[in-house]
Amino acid sequence: MKSPDGEVDAVLRKSDGGATTSVSYNLFILPKGTSSKELPLEHSQLIADKVEDLRITWIENKILQIDCKSARIFRFLNFWQSKEIQDYKYIVEIRISPNCHL
């Protein structure tokens with residue numbers, strides 16, 4: 001999902017671990033046009049499973065909102081920046097809605 005200013009993409013990658021595990025979600029923020037296929041999980045802003053009704057929305061330039069009914073969150077970083085975009089000066093704030101419960 002492209003940011004309103006077109007500088008970055010929010011990419012949600014879904015992984016299915018098989019019948020005995022739940023589906024996990026990984027959120028990546030990337031410079032526009034970059035692929036997330038080869039990125040390791042350490043580069044994700046969010047790692048979660050047991051997620052119900054996940055929605056990701058750009059509130060405005062540089063602010064990304066994560067909404068859900070429930071989730072088990074293993075990793076969450078509330079900002080993103082890259083040398084590739086304005087030498088780390090372009091910062092994306094990432095928010096999780098308070099309505100997202102365990």
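**Exercise 1. Find which residues Ser3 is in contact with, leaving aside its neighbours within four places in sequence, and work out whether Ser3 is buried or exposed.**

Solution. Let's start with the contacts. Once the neighbours within four places in sequence are set aside, Ser3 is in contact with Val8, Trp58 and Tyr90. Keep in mind that you're looking at a predicted model.

Next, place the residue: Ser3 sits in the segment that comes before E1.

Now for burial. The cut-off for "buried" is under 20% relative accessible area. Ser3 has a relative accessibility of 3%, so it counts as buried.

One last detail: the Ser3 side chain reaches the backbone nitrogen of Glu7, at 3.3 Å.

**Exercise 2. Describe the chain as a whole: how many helices and strands does it have, and why does its radius of gyration agree with a compact globule?**

Solution. Count the elements first. You should get 0 helices and 8 strands. Reading along the sequence, that gives the pattern β-β-β-β-β-β-β-β.

Then check the size. A compact globule of 102 residues would have a radius of gyration near 13 Å, and this chain has 14 Å, which is why the two agree. Along the principal axes, the C-alpha atoms fill a box of roughly 45 × 30 × 20 Å.

Now look at the surface and the inside. The accessible surface of the chain is about 6200 Å², and carbon and sulfur atoms account for 51% of that. Of the 102 residues, 37% are buried.

Finally, the contacts. Take those between residues at least 6 apart in sequence: 50% of them join residues at least 24 apart.

**Exercise 3. Work out the strand order of the open sheet of 4 strands, and say which strands are at its edges.**

Solution. Trace the sheet across. The order is E1-E2-E3-E6, and the pairing is antiparallel. Strand E1 (8-16) and strand E6 (70-76) are the edge strands, since each pairs on one side only. From one strand to the next, the twist averages 25°.

Now go pair by pair. E1 and strand E2 (residues 23-31) are antiparallel and pair over 9 bridges. Two of the partnerships you can look up are Asp16 with Val23 in E2 and Arg13 with Asn26 in E2.

On to the next pair. E2 and strand E3 (residues 46-52) are antiparallel too, pairing over 4 bridges. Here Leu27 stands opposite Leu46 in E3.

Here's a handy rule for picturing the sheet: in a regular strand, side chains alternate between the two faces of the sheet.

**Exercise 4. Explain why E2 is largely enclosed by the rest of the structure.**

Solution. Count the buried residues in the strand. Of the 9 residues of E2, 8 are buried, so the rest of the structure largely encloses this strand. As for its partners, E2 pairs with E1 over 9 bridges and with E3 over 4 bridges.

**Exercise 5. Take Asp9: where is it, is it buried or exposed, and which backbone nitrogen does its side chain reach?**

Solution. Locate it first: Asp9 belongs to strand E1. Its relative accessible area is 14%, so Asp9 is buried.

Then list what it touches. Leaving aside neighbours within four places in sequence, Asp9 is in contact with Met1, Lys2, Phe28, Ile29, Leu30, Pro31, Lys32 and Gly33. For Gly33 there's an extra detail: the side chain of Asp9 reaches the backbone nitrogen of Gly33 at 3.1 Å.

To finish, try a distance. Asp9 and Thr34 are 25 residues apart along the chain, and their C-alpha atoms are separated by 8.1 Å.

**Exercise 6. Take Glu93: which strand does it lie in, and which residues does it touch, not counting residues up to four places away in sequence?**

Solution. Glu93 is found in strand E8 (residues 92-96). With residues up to four places away in sequence not counted, Glu93 touches Lys62, Ile63, Leu64 and Asn78.

Next, its exposure. The relative accessible area of Glu93 is 34%, so this residue is partly exposed.

For the distance, use Ser70. Glu93 and Ser70 are 23 residues apart in sequence, and from C-alpha to C-alpha they are 21 Å apart in space.

Key: Residues are numbered from 1 along each chain as its sequence is written. This is a predicted model: local features need pLDDT of at least 70, side-chain atom pairs count only at pLDDT 80 or more; totals for chains, interfaces and linings use all residues. Side-chain values use heavy atoms; hydrogens and water are left out. Two strands pair if DSSP finds at least two bridges between them. Axes are lines fitted to C-alpha atoms, for helices over the stretch in contact, and angles run from 0 to 180 degrees between N-to-C directions. The radius of gyration is taken over C-alpha atoms; the globule rule is 2.2 Å times the number of residues to the power 0.38. Buried means under 20% relative accessible area, exposed over 50%, partly exposed in between (1.4 Å probe, protein chains only). Contact means heavy atoms within 4.5 Å. Accessible areas come from the Shrake-Rupley method with a 1.4 Å probe; for residues, only the protein chains shown count as cover. A polar contact is a pair of N or O atoms within 3.5 Å; within protein, one must be able to donate a hydrogen and the other to accept it, and residues adjacent in sequence count only if both atoms are side-chain atoms.
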